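Let's take a walk through this structure together, from the overall layout down to a few individual residues. Please keep the sequence and the 3D view at hand as you read.

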Amino acid sequence: MDWRGFAEQMAELSRRLLAQESPQATLDEIVSAAVELIDGCDASGVLAVRKGRAVTLAAHGDMVEESDRLQGELGEGPCFDAARAANGARSFRIADLREAPGWPRYAPAARGLGIGSMMGFLLYTRDEDFGALDLYSRRPGVFTPESETAGWLLASHAAVALAGARTVDQLEHALETRHAIGEAMGILRERHRLSEDDAFAVLRRISQHHNIKLRDVAQNIRGDGPKKP
């Protein structure tokens, strides 16, 4: 393994991830980079489990979504084991899926998809929810300890980039919401000669009475909302 060359590739990847304009674009870049940079990796995906439901957030390769669906439906598989591990382990490497007896239903179904070996790395865990970066090879015996180290370095970059992208996305959403509410309050104050506090109270009352988000009420008053309260 040329670790100097790999470090240079990681540095370039960091710049690419920071340049992405949305969390989804960041995810897509991550799974594409995994196939590009990890020797023997034929497919990659980011699996999220939310309230027990498996969701494929990004996929590069035709076996990814079906593998995620199987793990979610069966409630077993390497990602679930890693997330539930009591010893704090945040990664797994399965050199040969034919020798993985821990998943009596998932393992044979995964082999049927053409998966020979796997690696996975937790990106985050939160209560019962988690997200993982999974790497697949069609051949058994491809992923080595060096491959696992390289995958872990990639996943570490991915986790930081994804957290940053989500934070930026949330901040932008918050700013848009604040702007919409401010404009709606201005309209109410001018139209009904209300004070700032009274205008906000009107928005909040409509939101609570109709069980509509405050931002949607504000957008409706501005004339660009999805529905009228």
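Which pattern does the chain follow when read along the sequence? Read in that direction, the order is α-α-β-β-α-α-β-α-β-β-α-α-α. The chain has 8 helices and 5 strands. Please bear in mind that this is a predicted model. Of the 229 residues of the chain, 40% count as buried.

A good place to begin is helix H1, which covers residues 3-19 and includes tryptophan 3. Tryptophan 3 has a relative accessibility of 32%, so it counts as partly exposed. The cut-offs explain the label, because buried means under 20% relative accessible area and exposed means over 50%, with partly exposed in between. Tryptophan 3 also takes part in a nonpolar surface patch of about 250 Å², which it makes together with Met1 and Leu153.

Now turn to the aromatic rings, where the structure holds 3 aromatic pairs. One of them joins tryptophan 3 and phenylalanine 6 in an edge-to-face arrangement, with 5.8 Å centre to centre and 90° between the planes. Where do these two residues sit relative to each other along the helix? They are 3 residues apart in helix H1, so about one helical turn separates them. As for their surroundings, phenylalanine 6 is buried, with a relative accessible area of 3%, whereas tryptophan 3, at 32% relative accessibility, is partly exposed.

Another aromatic pair is formed by tryptophan 103 and tyrosine 106, with ring centres 6.5 Å apart. The planes of these two rings stand at 85°, so this pair is edge-to-face; the angle qualifies because planes over 60 degrees apart are counted that way. Are tryptophan 103 and tyrosine 106 buried or exposed? Tryptophan 103 counts as buried at 11% relative accessibility, and tyrosine 106 is buried as well, with a relative accessible area of 0%.

Next, follow the chain to helix H7, residues 196-210. At 1.5 Å a residue, the 15 residues of H7 should span 21 Å, and the end C-alpha atoms are 22 Å apart, which agrees. Which residues of H7 are buried? They are Ala199, Val202, Leu203 and Ser207. These residues cover an arc of only 130° around the axis, so they lie on the same side of H7. Turn the helix over in your viewer, and the face directed away from the buried side shows the exposed residues Asp197, Gln208 and His209.

Finally, have a look at the loops on either side of H7. Most residues other than glycine have a negative phi. Arginine 193 has a positive value, near 55°, and is not a glycine. Arginine 193 sits in the loop between helix H6 (145-192) and H7, and at 77% relative accessibility it counts as exposed. Which residue follows H7, and what is its phi? That residue is asparagine 211, with a positive phi near 55°. Asparagine 211 is likewise not a glycine, and its place is in the loop between H7 and helix H8 (214-222). With 71% relative accessibility, asparagine 211 counts as exposed, because the cut-off for that label is over 50%.

Methods
Residues numbered from 1 in each chain as written. Predicted model: local features only at pLDDT ≥ 70, side-chain atom pairs only at ≥ 80, totals over all residues. Heavy atoms only, no water. Patch = residues over 30% accessible without salt bridge, like charges linked within 9 Å, V, L, I, M, F, W, Y side chains within 5 Å. Areas by Shrake-Rupley, 256 points an atom, 1.4 Å probe, with all protein chains shown as cover. Salt bridge = Lys/Arg side-chain N within 4 Å of Asp/Glu carboxyl O. Helix = DSSP H or I, 4+ residues; strand = E, 2+ residues; numbered from the N terminus. Buried < 20%, exposed > 50% of the residue type's maximum accessible area, 1.4 Å probe, protein only. Phe/Tyr/Trp six-rings, centres within 6.5 Å; stacked < 30°, edge-to-face > 60°. Expected span 1.5 Å × (residues − 1). Arc of directions from axis to C-beta.
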